[in-house]
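Trainee: I am new to this structure, and I would like to go through it slowly with you, one question at a time. Could we begin once it is in front of us?

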Amino acid sequence: MYCPFCRNPDSRVIDSRTSDDGLSIRRRRQCPKCGGRFTTMETASLTVIKRSGVAEPFSRDKVISGVRKACQGRPVTDVDLAVLAERVEEAIRQTGQSQIDANEIGLAILGPLRDLDEVAYLRFASVYQAFDSLEDFESAIVELRAAHAESEPRDVTE
Ligand SMILES: [Zn+2]
């Protein structure tokens, strides 16, 4: 790993700690040549197997571009999308697998997207789960309503 300041190809690890979620290791490094300090992150590689059988490294950008269309015209910011992609990656890494099907990424997107924007969620789910009838939408909406009822108990003060 080159020093980002002087491009010296050598660096010394001065501190090393596991992240809170246990999914990565953070190393503090110092360049012996210029004394510059920098941090590197080490995570296990995560490979996505596409439907075509082609393997490629997991990419948060691809998650974002995958849901961006569903979020068109919705009050969803780039920061929201970045956070969503992070949650998706975390969820996948928590499974402990180093290889996953592209299909599972779609599945991992559904939960965080539902929390973010329900209309975007319905759009994404309709494509991803290949809704082909009004009934499919209806049952997805019934599920959303049920989730609301659980998370927002009725006000009983009156
Ligand atoms: Zn240096």
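Mentor: Let us start with Arg93, keeping in mind that this is a predicted model. Arg93 has a relative accessible area of 16%, and since buried means under 20%, Arg93 counts as buried.

Trainee: Which residue forms a salt bridge with Arg93, and how far apart are the closest N and O atoms?

Mentor: Arg93 lies in helix H2, which covers residues 78–94, and because its partner is four residues apart from it in that helix, about one helical turn separates the two. The partner also counts as buried, at 11% relative accessibility. The residue is Glu89, and the closest N and O atoms are 2.8 Å apart.

Trainee: Which salt bridge links strand E3 with strand E2, and what is its N to O distance?

Mentor: The two residues stand 15 apart in the chain, one in each of these strands. The strand E3 residue is Glu42, which counts as partly exposed at 42% relative accessibility. The salt bridge joins the side chains of Glu42 and Arg27, with an N to O distance of 2.9 Å.

Trainee: What is the arrangement of the four donor atoms around the zinc ion?

Mentor: The protein donors are the SG atoms of Cys3, Cys6, Cys31 and Cys34, which lie 2.3 to 2.4 Å from the zinc ion. Four donors count as tetrahedral if all angles lie between 85 and 135 degrees. The angles here are 107 to 115°, so the arrangement is tetrahedral.

Terms used
Residues are numbered from 1 along each chain as its sequence is written. This is a predicted model: local features need pLDDT of at least 70, side-chain atom pairs count only at pLDDT 80 or more; totals for chains, interfaces and linings use all residues. Side-chain values use heavy atoms; hydrogens and water are left out. Donors are N, O and S atoms within 2.8 Å of the metal (3.2 Å for Na, K and Ca); water is not among the atoms, so sites may look incomplete. Four donors count as tetrahedral if all angles lie between 85 and 135 degrees; four count as square planar and six as octahedral if opposite donors are over 155 degrees apart and all others between 65 and 115; anything else is irregular. A salt bridge is a side-chain nitrogen of Lys or Arg within 4 Å of a carboxyl oxygen of Asp or Glu. Buried means under 20% relative accessible area, exposed over 50%, partly exposed in between (1.4 Å probe, protein chains only).
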